[in-house]
Amino acid sequence: MIVCSCNVLSDDDVRAAVADSDDAVRHAKQIYGCLGCSAECGRCARTIKTIIEEALGPCAKSCCSGCPHSHAVAANDETAEPAQFALAAC
């Protein structure tokens, strides 16, 4: 299914970007970067965020200190909140 008509991105494209990324992909902006495009109208951001959360599974709901995603978020974002609050702030 196409989730971003501006960039013609499908849900499969988003899932593949999450799976293939070495860093923790948590935001639609990161997906655009992984796929070599940028946000246009932004109407797809919520859908992309939902797909990211589904792709990350239980880890998306609460990263523990041993999870590689929690470390990647902190390493990539100096203003990142603690991992357990990372999604609540979005």
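**Notebook: helix packing and core**

I looked up the packing of helix 1 against helix 3 and found an angle of about 50 degrees, with the axes 9 Å apart. The model is a predicted one. I noted the two helices as oblique to each other, because the angle is neither under 35 degrees nor in the range 65 to 115. I also recorded the handedness: helix 1 passes helix 3 in a right-handed crossing.

Next I listed the residues of this contact. Helix 1 brings Asp 11, Val 14, Arg 15 and Val 18, and these meet Ile 48, Ile 51, Ile 52, Glu 54, Ala 55 and Leu 56 of helix 3. By class I have seven nonpolar, three charged and no polar residues.

I then checked Asp 11, which sits in helix 1. Asp 11 has a relative accessible area of 13%, so I entered it as buried, the cut-off being under 20%. Beyond its neighbours within four places in sequence, Asp 11 is in contact with Met 1, Val 3 and Ile 51.

I turned to the largest nonpolar core, which has 15 residues. The members that touch the most others are Val 14, Val 18, Ile 31, Tyr 32, Ile 48 and Ile 52. At least two core residues come from each of strand 1 (2-4), helix 1 (11-20), helix 2 (28-34) and helix 3 (45-56). Helix 3 gives the largest share, four residues.

Last, I followed Ile 31 through the core. With neighbours within four places in sequence set aside, I found Ile 31 in contact with Val 14, Ala 17, Val 18, Val 25, Ile 48 and Ile 52.

Note on methods: Residues are numbered from 1 along each chain as its sequence is written. This is a predicted model: local features need pLDDT of at least 70, side-chain atom pairs count only at pLDDT 80 or more; totals for chains, interfaces and linings use all residues. Side-chain values use heavy atoms; hydrogens and water are left out. A nonpolar core is a set of buried Ala, Val, Leu, Ile, Met, Phe, Trp, Tyr and Cys residues joined through side-chain atoms within 4.5 Å. Buried means under 20% relative accessible area, exposed over 50%, partly exposed in between (1.4 Å probe, protein chains only). Contact means heavy atoms within 4.5 Å. Axes are lines fitted to C-alpha atoms, for helices over the stretch in contact, and angles run from 0 to 180 degrees between N-to-C directions. Angles under 35 degrees count as roughly parallel, over 145 as roughly antiparallel, 65 to 115 as roughly perpendicular and the rest as oblique. A crossing is left-handed if the near helix is turned anticlockwise from the far one by less than a right angle, and right-handed if clockwise. Ala, Val, Leu, Ile, Met, Phe, Trp, Tyr, Cys and Pro count as nonpolar, Asp, Glu, Lys and Arg as charged, and the others, Gly among them, as polar.
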